[in-house]
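Please examine the sequence and model shown here. The report that follows describes some features of its surface and interior.

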Amino acid sequence: MESEQQAASPENPQATGRPRSRGIYLLPNLFTTAAMFSGFYAIVAAMQDRFEVAAIAIFISMVLDGLDGRVARLTNTQTAFGAEYDSMADLISFGVAPGLTMYQWSLVHFGEMGTGWGKVGWLAAFVYVACAALRLARFNTHIGKGDKRYFTGLPSPTAAALMAGMVWVFNDMHYSGNNLQFPALLMTLTAGLLMVSNVSYYSFKEFDLRNKVPFVVMIAVLLIFALTTIDPPKVLFTVFVIYSVSGPLIWVVRRYRRLQRRKKEHPTTPPPSSPRSS
């Protein structure tokens with residue numbers, strides 16, 4: 001950033017005495033605004049009981065959110081303002097929008113079981129939104145720290161994909177949310193708690209599209225595209241469920257290897273046998 005440069009130069013307005021520019025970069029922030037608009041539109045659609053539209057809008061927001069960061073890096077327009085703006089947009093698109101969509105689709109029907117159950121529905125939605133906010137805050141404070149190959153906790157876009165994907169799949173199968181309160185409750189709490197957990201998820205940040213890959217990888221990508229066009233809700237939901245399960249599986253494998261390593265380093269010796277009595 002300009003403020004970090006020490007030598008007098010045209011890029012350092014403080015050193016040259018020129019007034020500091022207070023503008024922002026337009027291109028990456030346009031993608032962020034579009035992602036936030038898509039998330040807000042999902043909220044409006046959910047309030048009108050247009051749940052399929054709301055779910056699709058959340059997935060579109062995911063695509064736009066992935067593009068704003070890449071555009072900023074490609075054009076060298078990364079700023080602290082852009083990072084903060086992106087986090088606020090993510091809270092709307094991947095926190096409030098999925099939580100409200102799930103609530104309007106299914107959790108609101110807990111109220112039909114009594115006043116106490118009605119509180120369970122909206123409290124579960126709030127827990128999800130709060131976990132999304134905590135996840136984003138933790139991510140911002142840990143930028144540049146730890147292993148870049150892994151995320152700590154389930155990324156908020158993936159959690160939103162689980163929520164929106166469940167709504168989209170069952171709505172596409174003509175299942176009403178008022179019969180699926182408990183599965184919806186389980187999904188909402190699971191997605192929220194995974195976001196604030198210490199479970200590691202592969203980040204794919206080391207995956208470079210410019211590098212060569214085996215031919216079978218290209219076949220797999222084409223197969224995924226073909227399956228997605230055949231049945232988008234089921235394929236997308238399955239992909240994100242597999243990714244969400246991969247984190248706990250990685251944790252179990254690491255735990256098992258750690259236990260095996262400890263056994264090798266500290267083998268247990270059998271107790272000495274007692275002498276036979278004559």
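Which helix supplies the largest share of the nonpolar patch? That helix is α5, with 4 residues.

## Basis of the description

This is a predicted model, in which local features need pLDDT of at least 70 and side-chain atom pairs count only at pLDDT 80 or more, while totals for chains, interfaces and linings use all residues. Residues are numbered from 1 along each chain as its sequence is written, and side-chain values use heavy atoms, with hydrogens and water left out.

## Surface patch

W122, L123, F126, V127, L189 and L193 make up a nonpolar patch on the surface, together offering about 550 Å² of accessible area. Such a patch joins nonpolar side chains (Val, Leu, Ile, Met, Phe, Trp, Tyr) within 5 Å, from residues with over 30% relative accessible area and no salt bridge; areas come from the Shrake-Rupley method with a 1.4 Å probe, and for residues only the protein chains shown count as cover. At least two residues come from each of α5 (115–141) and α7 (181–195), helices being DSSP runs (H or I, at least four residues) numbered from the N terminus.

## Salt bridges

The whole structure holds 2 salt bridges, each defined as a side-chain nitrogen of Lys or Arg within 4 Å of a carboxyl oxygen of Asp or Glu. D172 pairs with K234, their closest N and O atoms lying 3.9 Å apart; because D172 belongs to helix α6 and K234 to helix α9, this pair ties together parts 62 residues apart in sequence. K234 also forms a salt bridge with D231, at 3.2 Å between the closest N and O atoms, and shared partners thus join D172, D231 and K234 into one network.

Terms used: Patch = residues over 30% accessible without salt bridge, like charges linked within 9 Å, V, L, I, M, F, W, Y side chains within 5 Å.
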